[in-house]
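Let's take a walk through a protein fold, one piece at a time. Keep the structure open beside you and find each part as we get to it.

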Amino acid sequence: MQIVNKPDYSYIMPDRFFSDLRVFFLSKNLGISVDNSQKDYPSPPDMNIINKISSYFPVNPKHIIFMNQVHSDMVIIKADKRPSFPQADGIITQMKGLALAVKSADCLPIFLFDNKNKVISAIHSGWRGTALKIVKKALKKFEQEFNSNFSDIYVFIGPAINGSCYEIGKDVYQHFGFLGKKRADYFNRAKNNKFYMDLKGINAYILEQEGIPPENIEICDLCTHCESALFHSYRRDGVNAGRNISFIILA
Ligand SMILES: [Zn+2]
């Protein structure tokens, strides 16, 4: 992925280019700050941020769809352009010009694109969503509702906390027995019965196990916890952390 620096903000975009697809991972100064939101961000970002984003990027402010993210494996399909704020952690659409957005501060923003059927999806996946294999649920919907072949699907995994910074306890580790022998590859042992967890790696692994070609998966290597000038981080900033915004849009 590549970083684009503007005077007032930055964004990350994929290396792979499709003429009808846009994917943007925005820096924290285009994110949700603590001052203008409540705890857990149960409402959509305020219009100041949305208008700012639409002045910099090719998107109508009325057509940015945020989810009320609850760390679930719920994936919904959006078949119209009406404003909404669905409770879900995954959303899929075929509507051109509709931006599907993810709010995150260490969790993974994951975007899927079926280049043949022109279907996009935005997914929010932290450790809970990863343990519930939300990416697999999204792929099932692509298959059932849009007849997708997984070889046509491209994946963009955005900035999130990296394995070197994401320390978790046994309680989290225990949810990942489904990885079998592979679990040791994604959990490095730390002191005091703790582990360092590679969220990006596990999600990529699940996608590959389902049949996404590894060469179709692009992963941003930036760590939200380390890159304090660029991103909000829950682990670094605590309960008052803001949220980074990313979105995918079919042109
Ligand atoms: Zn880090």
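## Starting at A88

This is a predicted model, and we can begin with a single residue. A88 has 22 C-beta neighbours inside 10 Å, so it counts as buried, since 20 or more is what it takes. You'll find A88 in the loop between strand 5 and strand 6 (90-93).

Who does A88 meet there? Leaving out residues up to four places away in sequence, A88 touches M67, M74, V75 and I76. You can also compare A88 with F66: they sit 22 residues apart in sequence, and their C-alpha atoms are 9.4 Å apart in space.

## The whole protein

Now zoom out. The protein has 7 helices and 15 strands. Its radius of gyration is 17 Å, close to the 18 Å that the globule rule gives for 251 residues, so the protein is as compact as a globular protein of that length. Along the principal axes, the C-alpha atoms fill a box of roughly 50 × 45 × 30 Å.

Buried residues make up 42% of the 251 residues. Take the contacts between residues at least 6 apart in sequence: 64% of them join residues at least 24 apart.

## Strand 9 and its partners

Just past that A88 loop comes strand 6, and strand 6 leads us to strand 9 (119-125). These two strands run antiparallel and are joined by 4 bridges, with G90 standing opposite I123 of strand 9. Strand 8 (108-114) is another antiparallel partner of strand 9, this time through 7 bridges. There, L108 stands opposite S125.

How many residues of strand 9 are buried? The count is 7 of its 7 residues. In a regular strand, side chains alternate between the two faces of the sheet. In strand 9 both faces are covered: V119, S121, I123 and S125 are buried on one side, and I120, A122 and H124 on the other.

## Two residues with positive phi

Strand 8 and strand 9 make a hairpin with 4 residues between the strands, and K118 is where phi turns positive, near 55°. K118 isn't a glycine, yet it has that positive phi. Is K118 buried or partly exposed? With 16 C-beta neighbours inside 10 Å, it counts as partly exposed.

H71 is another non-glycine residue with a positive phi, near 60°. Look for H71 in the loop between strand 4 and strand 5 (75-78). H71 is partly exposed too, with 17 other C-beta atoms within 10 Å.

## Two open sheets

Strands of a sheet pair through backbone hydrogen bonds, either parallel or antiparallel. One open sheet here has 6 strands in the order 1-2-3-15-7-4, with mixed pairing. Strand 1 (2-5) and strand 4 (64-65) stand at the edges with a single partner strand each, so one side of each has no neighbour in the sheet. Further in, strand 3 (residues 21-26) and strand 15 (residues 244-250) run antiparallel, joined by 5 bridges. One pair to look for is L21 opposite L250.

Another open sheet has 3 strands in the order 11-13-12, and its pairing is antiparallel. The edge strands are strand 11 (167-168) and strand 12 (187-189), each pairing on one side only. Strand 12 pairs with strand 13 (residues 195-197) over 3 bridges, and F187 has M197 as its bridge partner.

## Helix 3

Helix 3 (residues 134-146) gives you a nice sum to check. At 1.5 Å a residue, its 13 residues should span 18 Å, and its end C-alpha atoms are 18 Å apart, which agrees. (The sum uses one less than the number of residues.)

Which residues of helix 3 are buried? They are I134, V135, A138, L139 and F142. Seen down the helix axis, these buried residues fall within an arc of 145°, so they line one face of helix 3. An α-helix has 3.6 residues a turn, so residues three or four places apart point the same way. Just after helix 3, N147 takes a positive phi of about 60°.

## The nonpolar core

In soluble globular proteins, nonpolar side chains tend to be buried together. Here the largest nonpolar core has 63 residues, and L100, A101 and F247 touch the most other members. Leaving aside neighbours within four places in sequence, A101 is in contact with I64, I65, F66, A122, I245, S246 and F247.

Terms used
Residues are numbered from 1 along each chain as its sequence is written. This is a predicted model: local features need pLDDT of at least 70, side-chain atom pairs count only at pLDDT 80 or more; totals for chains, interfaces and linings use all residues. Two strands pair if DSSP finds at least two bridges between them. A residue is buried if 20 or more other C-beta atoms lie within 10 Å of its own, exposed if 12 or fewer, and partly exposed in between; C-beta atoms are placed from the backbone. The arc is that of the directions from the helix axis to the C-beta atoms. A nonpolar core is a set of buried Ala, Val, Leu, Ile, Met, Phe, Trp, Tyr and Cys residues joined through C-beta atoms within 7 Å. Two residues are in contact if their C-beta atoms, placed from the backbone, lie within 7 Å. The radius of gyration is taken over C-alpha atoms; the globule rule is 2.2 Å times the number of residues to the power 0.38.
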